[in-house]
Protein chains: 2
Amino acid sequence: MRASDKAYAALRDDIIEWRLAPGTVLAEVEQSERLGISRTPLREALSRLTAEGLTTTAGGRGVVVTDISLEDIDELFELRETLEGKAAALAAERGDAATFEQLRSELCQAPSLISAGDPARHDYYGLVGRLDAAIDAAIHNSYLAQAMRSLRVHLVRVRRLAADDAERLTAAAAEHAAIAEAIAAGNPRLAEAATTLHLHRSLSHVKATHTPQ
Amino acid sequence: MRASDKAYAALRDDIIEWRLAPGTVLAEVEQSERLGISRTPLREALSRLTAEGLTTTAGGRGVVVTDISLEDIDELFELRETLEGKAAALAAERGDAATFEQLRSELCQAPSLISAGDPARHDYYGLVGRLDAAIDAAIHNSYLAQAMRSLRVHLVRVRRLAADDAERLTAAAAEHAAIAEAIAAGNPRLAEAATTLHLHRSLSHVKATHTPQ
DNA sequence: CACAAGGCTTATGTATACAGAACCACTGCC
DNA sequence: GGCAGTGGTTCTGTATACATAAGCCTTGTG
């Protein structure tokens with residue numbers, strides 16, 4: 001693995017996991033020494049982070065970690081609803097029914113994973129990730145898939161703000177199952193509606209459990 | 001202006017204007033010498049181009065200019081319809097009516113610009129750009145605006161494939177005026193419909209005039 | 001005492017030198 | 001004659017040294 005990839009992954013995780021707070025200035029020498037690499041690959045990592053919107057260049061004074069306010073979350077979910085709604089509809093039109101039927105079946109059994117504790121809960125997150133990947137593949141639109149991928153980075157960051165209690169996860173699994181079912185049934189409008197519903201519930205939960213400092 | 005910005009702008013224009021054909025390998029030393037800069041800022045420029053999707057890294061063998069096929073154009077317009085349709089609807093809800101009424105008025109007078117020849121035609125493109133900018137500002141959603149900006153780079157590239165005859169531009173001006181009118185009227189569904197109509201016509205024109213080699 | 005100007009410090013931006021890896025061509029062997 | 005191995009060349013990836021510019025602190029003056 002290249003040093004720039006290592007630096008990118010490390011900084012990205014630090015930002016997503018809120019170990020690097022918004023507003024933190026990432027000085028090049030400081031970070032390169034912390035990560036044990038030179039300035040050159042670090043600069044490339046910072047470029048990629050800035051392109052993704054996780055950092056911004058503060059007018060010649062280094063790059064700083066971008067903030068995510070409550071309005072940002074609203075904007076984020078507004079775009080997410082647009083993109084993922086369209087994606088779900090396209091997946092219902094173009095996707096393979098058997099694939100999503102399989103995912104629906106697994107999602108219906110997800111509550112047992114969620115209540116089992118942390119290691120099994122990791123499997124649940126993997127299952128949701130497989131649903132996302134299946135939709136990405138089914139839509140046959142690389143530009144839309146790319147747009148959703150760039151959004152998910154910010155969404156993971158937001159998700160860390162909310163408390164992922166078992167109750168919410170169980171409900172989310174049922175909502176995901178409904179999306180998979182609609183796609184498997186080849187019903188675009190239903191798939192979009194199920195996605196809209198899920199995202200609204202998800203946003204409500206984030207805002208309800210978000211604890212302002 | 002920084003050397004990396006200069007290199008980025010030069011390469012970006014070269015790709016968009018099809019002076020650098022898809023599949024062209026951009027060797028670092030070759031391009032840095034051509035642009036009269038060192039490898040370091042050139043690498044940053046290539047990173048930005050790759051992040052935008054204009055180039056891709058070809059497995060350790062330099063970066064190559066990405067191809068745009070006919071299927072890519074379909075995918076591109078599918079996403080564009082989703083994003084710009086939503087943006088037009090949001091602008092109708094949140095935008096300032098006077099701003100878009102002014103733009104509608106100017107767009108109705110655009111045919112005189114188009115028929116006047118090349119220098120005035122540049123003014124027309126500027127007018128369309130102002131409509132895009134007004135929508136970007138009206139939606140109050142930086143993530144959606146960012147997603148549309150990243151799309152427009154590819155769209156300019158596609159547009160160069162089509163012959164922008166006066167007839168099509170006159171029709172496009174009328175379609176743009178309809179969008180502005182719907183936004184000024186505060187009618188989200190109408191604004192979205194007008195946008196959908198415009199994009200479909202635009203796509204049809206591109207595909208009709210596209211001359212495969 | 002406050003404001004401005006100047007120098008110093010420290011940051012980024014750039015260039016270049018070096019190392020490692022991959023591809024291509026050539027040669028030798030089967 | 002074909003295939004595989006090896007050597008060379010050339011590329012990218014990385015490190016470091018240097019220049020330039022921006023900020024801040026200090027000092028002097030009004």
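This is a chat about how two protein chains meet each other and two DNA strands in a predicted model.

Trainee: What should I know before I start?

Mentor: The model is predicted, so local features need pLDDT of at least 70, side-chain atom pairs count only at pLDDT 80 or more, and totals for chains, interfaces and linings use all residues. Residues are numbered from 1 along each chain as its sequence is written, and chains are lettered from A and ligands numbered from 1 in the order in which they are written.

Trainee: How is chain A laid on chain B?

Mentor: A turn of 180° and a shift of 0.0 Å along the axis lay chain A on chain B with an RMSD of 0.0 Å (least squares on the C-alpha atoms of residues with pLDDT of at least 70 in both). The two copies are thus related as by a two-fold rotation axis. Both copies use the same surface, as 100% of the contact residues of chain A recur in chain B.

Trainee: How many residues does the contact take from each chain?

Mentor: Chain A gives 18 residues and chain B gives 18 residues; two residues are in contact if their C-beta atoms, placed from the backbone, lie within 7 Å. On the chain A side, α3, α4 (70–94) and α8 (142–159) each supply at least two residues. Helices here are DSSP runs (H or I, at least four residues), numbered from the N terminus.

Trainee: Which one gives the most to that side of chain A?

Mentor: α4(A), with 7 residues.

Trainee: At what angle do α4(A) and α8 of chain B pack?

Mentor: About 50°, with their axes 7 Å apart. Axes are lines fitted to C-alpha atoms over the stretch in contact, and angles run from 0 to 180 degrees between N-to-C directions. That makes α4(A) oblique to α8(B), the term for angles left after under 35 degrees (roughly parallel), over 145 (roughly antiparallel) and 65 to 115 (roughly perpendicular). Glu75(A), Leu76(A), Glu78(A) and Leu79(A) meet Ser142(B), Tyr143(B), Leu144(B) and Ala147(B) there.

Trainee: Now the DNA. Which residues come nearest to strand D?

Mentor: Arg2(A), Ala3(A), Ser38(A), Glu28(B) and Gly62(B), out of 17 residues around DNA strand D. A residue is near a strand if its C-beta atom, placed from the backbone, lies within 6 Å of it. α3(A) gives the most to this surface, with 3 residues.

Trainee: And which are closest to strand C?

Mentor: Glu28(A), Gly62(A), Arg2(B), Ala3(B) and Ser38(B), with 16 residues surrounding DNA strand C. For that surface, α3(B) gives the most, with 3 residues.
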